[in-house]
Amino acid sequence: MRRGTRVRGATAMAVMTAAALPTASCSGGAPSGPGGVVTAVWGVPQNPLLPGDTNESNGNKVLGSILTGLLSYDPTTSAPVYENAASITTADQQHFTIRIKPGWTFSDGTAVSAASYVDAWNYTALATHRQLNSAYFHYVQGYGAVAPAPGEKPTAATMSGLRVLDATTFTVALTQKFSTWPQTLGDTVYAPLPASFFKDPQGWAKHPVGDGPYEISSYSVNKELDLVPYPGYRGLQKPQNKGVTLKVYADPASAYADLRSGTVDVDDTLPLTELANAQRDLAGRLLVSPAGTLSHLVFPLYDRNWSAARSAQVRQGISMAIDRPLISATILHGTVSPASDWTAPVLGASGGYRAGLCGVYCSYDPVAARKLIEAGGGLPGGSMTISYNVDGGNRPWVDAVCNSINRALGNDRACVGNPIATFPTLRNMIVGKQMTSAFRSATSMDYPLAQFFLQPLYTTTGALNDPGYRNPAFDQLVDQANAAPDRAAANALFQQAEQLLVADMPAIPLWYQDSVAGYSAAVSHVQMDGFRTPVYYAIRK
């Protein structure tokens, strides 16, 4: 998934203009031309490679490489950049006209058209297709007809708010004013798809065809995926290498060993146990840069043990029992900063971030923590677990969080880690609402707005609502924020919505994560974007 600025005006308003947007950038000056093939560490995607069914990092690394949509985001600033979009205009912040650049093609030679977008969006939204990201189209008129309440059947196959005018123009009608909606359109869920996709979606997922900087030359499931530059690519992200080989590693330690030996060129999964020495081991080839990522501890509010109203006090107490500064410094080696809200500092005040919004509940106070947990009836059954995926190297910090909770409660078995073998297995359990206690999660922004950290994750119909949180007042505030006439008004409402998260604590903010990666001596121009993804196209070898 992925990631604008709005030009204000009383009449037909140009939401984005090409002249006002930055061009894509990468460090190191002008390109010298493609060199060798870059090898990078990868993990198994949760689902087949469908834009509508991918909401995790491993799948997005591939989809972001083979699909280019209306926008992309500058890898340094995260600012929006026009790609296939020629213009996005509106007179009222509710009805939008989108014009795309002609001449773009998919790697099968077929044209990228307005219908490529409209058909793709309708496919993802339709409930019978069971796409995880259906709710991203919640604000498009007619969404309720294609994705009705659970247990009901769709009464339409397409959304009435989407209309193709000609080969390069389509319109979008939203259910309400949504001033920042155009800024979300760099997310891969909004990417175009070729006609071949709709004939055989599952077959397409095995051999994806896109319009991005790369195309897939081979794919061995659970082992390796090879990307090669797409010669017909028309966008700004021109590959500076001959391709990228993504290799699956189940163990971060094995990946790091291969990085040190030069077998792997780029590794963004460095094990926590190696971070203290990585700068020395890699001779300075270690990247640490700010990113729009928040790690949190999520609770299954759909489970009877965590659904009681008083359990909010328990969750608030658990939050206060976690010594974020100590864990950040000693276990995570300064690659994170203790969190004090549910967004991320990289947004800045203009993007909706407000430091300290969580108040005392994100501060370490073991005495107050114990009192709150006891006032809420104690931990359900007297103990709790934190589920995590082993292949992500999460055990050290999970153990540290549990130890901190245990010290506060004076019980060394109050909290224990619950290891799950792989990331896809854990995500499938979470999406399937099978969790019975807390679990780890990390949210990387798809676009630099507070709205992303709140609406998909905590509104009742949010595509990423892992805790199953339901609060009509929260939903209403998010709707009001989206309809606000300007960014400042929207941010004020989003922050009011966050205050409800303070009271209900469906998820505990832990820390803001930096992008961390190491690279071999064989490559240069290595960079991580604001979404904690290597900028593959910019790497030279």
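The following exercises, with worked solutions, concern a predicted model.

**Exercise 1. The nonpolar core**

Task: State how many residues the largest nonpolar core has, and identify which helix gives the most to this core.

Solution. The largest nonpolar core has 152 residues. Those with the most contacts inside this core are L70, I98, W121, F137, F170, I318 and M384. The helix that gives the most to the core is helix 13, residues 395-409, with eight residues. As a next step, consider the surroundings of L70. Neighbours within four places in sequence being left aside, L70 is in contact with residues including I98, W121 and F170. Its contacts also include V81, Y82, E83, N84 and A85.

**Exercise 2. The position of T39**

Task: Determine whether T39 is buried or exposed, and name the residues that T39 touches.

Solution. Begin with the location: T39 is found in strand 2, which spans residues 37-42. The relative accessible area of T39 is 14%. Buried means under 20%. T39 is therefore buried. Finally, when residues up to four places away in sequence are not counted, T39 touches T245, K247, T263, V264, D265 and V266.

**Exercise 3. The surroundings of helix 9**

Task: Explain why helix 9 is described as largely enclosed by the rest of the structure.

Solution. Helix 9 covers residues 311-320. Its buried residues are S311, A312, V314, R315, Q316, G317, I318, S319 and M320. Because nine of the ten residues of helix 9 are buried, this helix is largely enclosed by the rest of the structure.

**Exercise 4. Helix 9 against helix 17**

Task: Classify the orientation of helix 9 relative to helix 17, and describe their contact.

Solution. The axes of helix 9 and helix 17 (residues 487-504) come within 7 Å, crossing at roughly 95°. Angles of 65 to 115 degrees count as roughly perpendicular. The two helices are therefore roughly perpendicular to each other. Helix 9 makes the contact through A312, R315 and Q316, and helix 17 through V502, A503 and D504. By class, this contact has three nonpolar, one polar and two charged residues.

**Exercise 5. Helix 15 against helix 17**

Task: Classify the orientation of helix 15 relative to helix 17, and state which residues make the contact.

Solution. The axes of helix 15 (residues 450-458) and helix 17 come within 11 Å and cross at roughly 45°. Helix 15 and helix 17 are therefore oblique to each other. Their crossing is left-handed. On helix 15, the contact is made by A450, Q451, L454 and Y458; on helix 17, by F494, E498 and L501. Sorted by class, the contact has five nonpolar, one polar and one charged residues.

Methods
Residues numbered from 1 in each chain as written. Predicted model: local features only at pLDDT ≥ 70, side-chain atom pairs only at ≥ 80, totals over all residues. Heavy atoms only, no water. Core = buried A, V, L, I, M, F, W, Y, C linked by side-chain atoms within 4.5 Å. Buried < 20%, exposed > 50% of the residue type's maximum accessible area, 1.4 Å probe, protein only. Helix = DSSP H or I, 4+ residues; strand = E, 2+ residues; numbered from the N terminus. Contact = heavy atoms within 4.5 Å. Axes fitted to C-alpha atoms, helices over the stretch in contact; angles between N-to-C directions. Parallel < 35°, antiparallel > 145°, perpendicular 65-115°, else oblique. Nonpolar A, V, L, I, M, F, W, Y, C, P; charged D, E, K, R; others polar. Left-handed = near helix turned anticlockwise from the far one by under 90°.
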